[in-house]
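Hi there,

Here is the structure I promised to pass on to you. Have a look at it first, and then read on for my notes.

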Amino acid sequence: QVQLVESGGGLVQAGGSLRLSCAASVRTFSIYAKGWFRQAPGKEREFVAAINWSGGSTYYADSVKGRFTISRDNAKTTVYLQMNNLKPEDTAVYYCAADRDYQRNPLPSSTYRYDYWGQGTQVTVSS
């Protein structure tokens with residue numbers, strides 16, 4: 001069964017950093033576009049960042065641009081989200097997702113475009 005497993009969440013003070021990882025259980029996932037989303041309590045799941053299959057194209061939500069960086073290591077079938085200068089409003093459960101249409105352009109920011117999802121990892125930023 002295909003799985004995406006996130007890790008790296010935790011509690012951090014405002015201004016701090018965290019790096020999230022998302023490992024895929026199937027090597028085929030190395031050619032899929034990947035995305036990160038987040039969901040705060042009482043809010044809808046929102047797009048954070050996406051990266052194409054090669055890592056040569058990325059796309060960010062305005063709220064995280066300049067602070068977060070998405071990257072991937074296809075040899076390890078892993079995608080990362082480096083989060084710097086974290087703010088209390090970044091507090092949420094973060095999910096990674098995979099899009100089977102690796103040729104989709106532009107990179108998708110809607111949840112319905114993604115076919116596989118991880119279980120999520122909690123990020124809490126204290127003020």
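**The loop residue Asn85**

Asn85 sits in the loop that links E8 and E9. Please keep in mind that this is a predicted model. With a relative accessible area of 42%, Asn85 is partly exposed. Leaving aside residues up to four places away in sequence, Asn85 touches Gly15, Gly16, Ser17, Arg67 and Asp90. If you want a reference distance, Asn85 and Ala40 are 18 Å apart from C-alpha to C-alpha, with their positions 45 residues apart in sequence.

**The four-stranded sheet**

Next, the strands around that loop. An open sheet is built from four strands in the order E1-E3-E8-E7, and their pairing is antiparallel. At its edges are strand E1 (4–7) and strand E7 (68–73), each of which pairs on one side only. On average, neighbouring strands in this sheet are turned by 15° against each other, direction ignored. Strand E8 covers residues 78–83, and six bridges join it to E7 in an antiparallel arrangement. Within that pair, Phe68 stands opposite Met83 of E8.

**The nonpolar core**

Phe68 and Met83 turn up again in the core. The largest nonpolar core holds 34 residues, and Trp36, Val48, Phe68, Ile70, Leu81, Met83 and Tyr94 are those with the most contacts inside it. Two or more residues each come from E3, strand E4 (33–39), strand E5 (46–51), E7, E8, E9 and strand E11 (121–126). In soluble globular proteins, nonpolar side chains tend to be buried together. As for Phe68, its contacts beyond four places in sequence are Arg38, Val48, Tyr60, Leu81, Gln82, Met83, Asn84, Leu86, Asp90 and Tyr94. Asp90 is thus one to look at twice, as it is among the residues touched by Phe68 and also among those touched by Asn85.

**The disulfide**

How many disulfides does the model have? The count comes to one, and it joins Cys22 to Cys96 with an S to S distance of 1.9 Å. The link between Cys22 and Cys96 is right-handed, with 45° about the S-S bond. Because Cys22 belongs to strand E3 (residues 18–24) and Cys96 to strand E9, the pair ties together parts that lie 74 residues apart in sequence. Both Cys22 and Cys96 are buried.

**Asp99 and Ala33**

Strand E9 (residues 92–99) also contains Asp99. Is Asp99 buried or exposed? Its relative accessibility is 0%, so Asp99 counts as buried. The side chain of Asp99 makes a polar contact with that of Arg104, at 2.7 Å. Setting aside residues up to four places away in sequence, Asp99 touches Tyr32, Ala33, Arg104, Pro108, Arg113, Tyr114 and Asp115.

Ala33, one of those partners, is placed in strand E4. Ala33 counts as buried too, because its relative accessibility is 4%. Not counting residues up to four places away in sequence, Ala33 touches Ile51, Asn52, Trp53, Arg72, Ala97, Ala98, Asp99, Tyr102, Leu107 and Tyr114. Tyr114 therefore appears in the contact lists of both Asp99 and Ala33. Pro108, which Asp99 touches, is 8.7 Å from Ala33 in space, C-alpha to C-alpha, while the two are 75 residues apart in sequence.

Happy browsing, and do write back once you have had a look.

Best wishes

How values were computed:
Residues are numbered from 1 along each chain as its sequence is written. This is a predicted model: local features need pLDDT of at least 70, side-chain atom pairs count only at pLDDT 80 or more; totals for chains, interfaces and linings use all residues. Side-chain values use heavy atoms; hydrogens and water are left out. Two strands pair if DSSP finds at least two bridges between them. Axes are lines fitted to C-alpha atoms, for helices over the stretch in contact, and angles run from 0 to 180 degrees between N-to-C directions. Buried means under 20% relative accessible area, exposed over 50%, partly exposed in between (1.4 Å probe, protein chains only). A polar contact is a pair of N or O atoms within 3.5 Å; within protein, one must be able to donate a hydrogen and the other to accept it, and residues adjacent in sequence count only if both atoms are side-chain atoms. Contact means heavy atoms within 4.5 Å. A disulfide is a pair of cysteine sulfur atoms within 2.5 Å. A nonpolar core is a set of buried Ala, Val, Leu, Ile, Met, Phe, Trp, Tyr and Cys residues joined through side-chain atoms within 4.5 Å.
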